[in-house]
Amino acid sequence: MSEAVILIDAAGTILHHNSAAADLFGSQDGITTADRRLKFSDKSATDRFGRALHELTLGSTANAANPDIATRAFVVARLGGKRPYLVALRCLPRPDPGIGRAPPGAGASVIVVIRDPAEFSGVDADLLRQSYNLSPAEI
């Protein structure tokens, strides 16, 4: 699986996703969709996702401009027992209203990127730090 990429609005509705995300949802291994929303088999992941979405969209204009507060990350346990998925949410800048026809995912407030750590040899240090609450010295 390459990175699953999902565009969602401030309410958490899925507006667009790539084929890797569709494959991930079809695997039924901890992350699925229902009613155009992400569903996690792990209740704590559901809570973290809701909190992150709320924090990112609460001040989306300021968040998009400040990379220190524009990203939230956490892990999601997998039903198959493999290493957990790494999930990162990043606030998107507001689109320019004068760009003409809206592209797929227009109106998205947040991009969600889901990585399978078994598929990547080099995981972003910031993503690891946030996902596992590590200090810079622990990375």
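T32 is found in strand 3, and a word on terms belongs here: helices (H or I, at least four residues) and strands (E, at least two) are DSSP runs, numbered from the N terminus. Before I go on, please keep in mind that this is a predicted model, in which local features need pLDDT of at least 70 and side-chain atom pairs count only at pLDDT 80 or more, while totals for chains, interfaces and linings use all residues. Residues are numbered from 1 along each chain as its sequence is written, and side-chain values use heavy atoms, with hydrogens and water left out.

So, back to T32: is this residue buried or exposed? With a relative accessible area of 19%, T32 is buried, since buried means under 20% relative accessible area, exposed means over 50%, and partly exposed is what lies in between, using a 1.4 Å probe and protein chains only. If we leave aside the neighbours within four places in sequence, T32 is in contact with F25, R37, L38 and K39, where contact means heavy atoms within 4.5 Å. K39, which appears in that list, stands opposite T32 in strand 4.

Let me stay with these two strands. Strand 3 (residues 31–34) and strand 4 run antiparallel and are joined by 4 bridges; two strands pair if DSSP finds at least two bridges between them. They form a hairpin with 2 residues between them, and in that turn D35 has a positive phi of about 55 degrees. R36, which is placed in the loop between strand 3 and strand 4, has a positive phi of about 60 degrees although it is not a glycine, and R36 is exposed, with a relative accessible area of 52%. Something similar can be said of Q28, in the loop between helix 1 and strand 3: Q28 is not a glycine, yet has a positive phi of about 55 degrees, and at 52% relative accessibility Q28 counts as exposed. Strand 4 itself has two faces, a covered one with L38 and F40 and an uncovered one with R37 and K39.

F40 takes us to the aromatic residues. A pair of aromatic rings is described by the distance of the centres and the angle of the planes. Rings of Phe, Tyr and Trp (for Trp, its six-membered ring) pair if their centres lie within 6.5 Å, and planes under 30 degrees apart count as stacked, over 60 as edge-to-face and the rest as tilted. How many aromatic pairs does this rule give? The count comes to 2 aromatic pairs. The rings of F40 and F49 have centres 5.3 Å apart and planes at 50 degrees, so this pair is tilted. F40 and F74, with 6.1 Å from centre to centre and 75 degrees between the planes, form an edge-to-face pair. Because F40 lies in strand 4 (residues 37–40) and F74 in strand 5 (residues 71–76), the pair ties together parts that are 34 residues apart in sequence. F40, F49 and F74 form one aromatic cluster; F40 counts as buried at 11% relative accessibility, F74 is buried at 2%, and F49 is buried too.

Now to the sheet, where we meet strand 5 again. Strands of a sheet pair through backbone hydrogen bonds, either parallel or antiparallel. Here 5 strands form an open sheet in the order 2-1-7-6-5, and the pairing is antiparallel. Strand 2 (14–17) and strand 5 stand at the edges with a single partner strand each, so one side of each is left without a neighbour in the sheet. Strand 6 and strand 7 are joined by 6 bridges, and R90 has I111 in strand 7 as its bridge partner.

My last residue is S109, in the loop between strand 6 (85–91) and strand 7 (110–115). At 17% relative accessibility, S109 counts as buried. Which residues does S109 contact, beyond its neighbours within four places in sequence? They are I8, D9, A10, T57, R90, C91 and L92. S109 and D9 are 100 residues apart in sequence, yet their C-alpha atoms are 4.8 Å apart in space.
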